[in-house]
Structures are given as structure tokens and as C-alpha cells.
Amino acid sequence: MVVEVINTGTELLLGEILNTNFQYLSRHLNSLGFDVLYQTTIGDNPVRMRAAIEHALERADIVITSGGLGPTRGDITKEVVMEICGLEGYTDFSTLCRLYDFLAAKGVEPTPNNEKQAIVPFGADVLENPAGTAPGLWLEHQGKIIILLPGPPHEVEAVCETQLWPRLQKNFPDNGVIISRTLRLKGIGESAVATKIDDLIVNQSNPTLAIYARHGQILIRITTKTKTPEEAKALIGDMEAQLRARLEQYIYGADNDSVASVLGTKLNLLGKTIAFAESCSGGLASSLITDIPGSSEYLKGSVVSYTNEVKENVLGVKPETLKKFGAVSSQCACEMAAGVRRLMNSDYGISITGNAGPSPSEGKPVGLVYIAVANREIVYWQEHHFDGNRTENKLRIAEAAISTLIEKLQQL
């Protein structure tokens, strides 16, 4: 079954909000065996919206819209669909009562335009929305299925989890499954990965392989479509084994793993603790670590030493080091790592110092960064060069620091 998702809302086209609805819908639809082949984003214009929906109905079996079911004049998705299908609507009093009860529970007084949300096209089924006032709708038209969902992401998920996914599974029990697994690599470039697995890519059929780069990492996605999850897992397992045989030394995790979660697992197994001294990353590495539940077991603390004064007075970096080599130097990074380890009484100290941009500093180029890792006896350092903008560089720098410790855990 071919699916097209149409996201409505001029705010999406203006880039004012991030479209997370499509990511959510696509992932779940694929897991249920549906082929999501098209995505369209359209503004709140009735002529263009009608053209987009009609085009989608020509090439897809199921058309899912997100947004445009609210109470305002700009919410026109339902009206456009009714016009395309030649349908009139009626006020569904069950929906209206649920809407009033929902508003009353929040202490909100309903307004006359809320009643617009309770209008249902004749022949459509209501998909109740436990998280908002706009219900979803399921409508069958000339052999096609049109599904209307609200716009707010938490409402989309609420309608789908309670109404849409169970109905799709019931109506299409033999649809099969589409399952993906993603291997995450560090320390190797995209072209090198492609070269090492070129024969697998050339000869791929089912499963398929895709390589892409993200924030200094390389991801390999393995995707298969089969009748059962067991078949899919077997095919993916075989392909993953072939990939690992060639790339094992670069693979640090899979699927939803992050460098922070992988580091946390390793630290817990070893019973070791860490502390960060961050300059140009502004505390981002520490933030990534604390995104992981249970990180208080191994993260002792962090110092954002953005100025030389803090580097000296808190971390114990020598004034002569800063004067002779500058803050952006391997010497400064090593003293920062050793200093924060002593200060926090941790097993490892990790430091980051450099220039994230946008202009040179201390005569050092943008993107030059030094990362150091210290234990009680040894300090190890690396020089890095990043070429993104300031925000991109900070994330890549933070992840590089975490990756450096993962690499050195068994050596230091």
C-alpha cells in the first residue's frame, strides 16, 4: 500500500517550526509495512491544498494529512477534502460533547468557532483525540483512504496510538513489515565506508543499504520488507554480520545509541567516573552526558572554563602556559584535563579548548580544537579541525570529546 503524507500549514513553509510529524508518521507506517513514497508540505491556501490532495489521490492508496483541523478560518483541510469528495457535513454531538468536556477540564471557556471542529463529513469515521479538541477522521473515497490528523505533534501521536495504528493493523493484517537497523560509525569517512562495502551496495536487493553522514558520524541503514518480523530480523542480522566483518573497529553503536549512551554503559561496567572542563563547547558535552538517565552514577561534575581567569583560578592552568602557548593549545588542554580530574576527584578528566568560530582567536584558525583525557598517571591529547558553523562545530566538538574517552578507556 502506497502512502503519501501531506503536512499543512504556512508556518512549515516559512521554517518557523520543525516538521516532526512526518518523521513520526513515516517511521510507524513503515514498521507496519506501508510504503511511504511521497511527502508534501502545503500552506493554508485552498487552491494549492486541493491540487496537492488531488495529486496525492492519483498516486497513493492512502493519503494522510496533518494539520488544519483547528477552529480558525485558516484551518481548512477538512473543508477542502469535503469539497474534493463532494460531501456535506453534520455536527457530531458526541464529538462536540467530548470537545466541551476537554475544555472544561482545562478551565477553558469554549468559543463559537470550536463547534467547527465537531463537523464531520457524511460517511467519515471519527478518530477520537484524547489530547486535544480536533478529532481525526477516516474517510474512504473511490477506493482510496483519506486520513485527517490534527497538527500538534502530541495530538498526532495520541490519535495514532489510540485510534489509527490499531485500525490500520486490523484492516491490513497481511501488509507485512518494513524494519530498519542503523549502524553508527566514528573515525572513518563516508567515502571510505562506501569503498569498503561497495560490492554489498551494488548487489543489494532485500535488504537495502544506505550510507549517510551526520554530525561527524557515518550511519549505515539496513532496511528490509518481509511478511513477518522474524524474517526481517534474520535478513538484517545476516547483512549486519557482513558489515561488522568489514567495519567492526569503527562501529560504536546501533539504532538509538549515541556516543553519550555508549560511554555511560562502558563507565558503568568499569565502575569509573568522569569530569569535564569545557571551554569552546560551552558545557555541551556535559549536557549530552546528562541527557542519559542514570548519568549521575559516573559524571562527577563539570567546569565551563570559558575565560583564562577560570582556567587559571579554578582548574589550575599555569599562567606561563597561557602566556606562552595560549588557551587554544595542547598544553592548555592537558592542564585543564588534569586539573578538573583533581578538582572533582574523578577517575578521568576530559577537557575541550579551541575556537568554535566565527572568527580567528589568538591567531588560531576557526575550527582548531584540542581535546585531552587524563587519569591519575597519564594525559592524552588530540588536535582536531572542524569546518562547520559555530553551532555545528560545538556539537561535533562535544561528541568528539566523548568519543575520545570511549577510545581511550581501555588504554588509560
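This is a short talk about two sheets, one glycine and one cavity.

Hi everyone. What we have here is a predicted model, in which local features need pLDDT of at least 70 and side-chain atom pairs count only at pLDDT 80 or more, while totals for chains, interfaces and linings use all residues. Residues are numbered from 1 along each chain as its sequence is written, and side-chain values use heavy atoms, with hydrogens and water left out.

Let's start with a sheet. Six strands, in the order S2-S1-S3-S8-S7-S6, make an open sheet with mixed pairing. Strands here are DSSP runs of E with at least two residues, helices are runs of H or I with at least four, and both are numbered from the N terminus. Two strands pair if DSSP finds at least two bridges between them. At the edges stand S2 (35-42) and S6 (125-127), each with a single partner strand, so one side of each has no neighbour in the sheet. From one strand to the next, the twist averages 20 degrees; angles run from 0 to 180 degrees between N-to-C directions, with axes fitted to C-alpha atoms, for helices over the stretch in contact.

Inside this sheet, S3 (residues 62-66) and S8 (residues 144-149) pair in the parallel sense over 5 bridges. Which residue of S8 is the bridge partner of isoleucine 62? That is isoleucine 145.

Now for glycine 9, in the loop between strand S1 (2-8) and helix H1 (10-13). Is glycine 9 buried or exposed? Its relative accessible area is 2%, so glycine 9 is buried (buried is under 20%, exposed over 50%, partly exposed in between, with a 1.4 Å probe and protein chains only). Beyond its neighbours within four places in sequence, glycine 9 is in contact with Ile42, Gly43 and Asp44, where contact means heavy atoms within 4.5 Å.

On to the second sheet. Five strands form this open sheet, ordered S14-S13-S15-S16-S17, again with mixed pairing. Its edges are S14 (299-304) and S17 (379-385), each with a single partner strand, so one side of each is left without a neighbour in the sheet. Strands S13 (residues 274-278) and S15 (residues 348-354) run parallel, joined by 5 bridges. One pair to look for is alanine 277 with its bridge partner in S15, serine 351. Helix H15 (residues 390-408) lies across S13, S15, S16 (368-374) and S17, at about 35 degrees to S16.

Last, the cavity. On a 1 Å grid over the protein atoms alone, a cavity is a set of points where a 1.4 Å probe fits but cannot get out, and lining residues have an atom within 4 Å of a point. Lining the largest cavity are Leu69, Lys78, Gln117, Ile119, Ala134, Pro135 and Leu137. Thanks for listening!

Methods. On a 1 Å grid over the protein atoms alone, a cavity is a set of points where a 1.4 Å probe fits but cannot get out, and a pocket is an open set with protein on both sides within 12 Å along at least five of seven lines; lining residues have an atom within 4 Å of a point.
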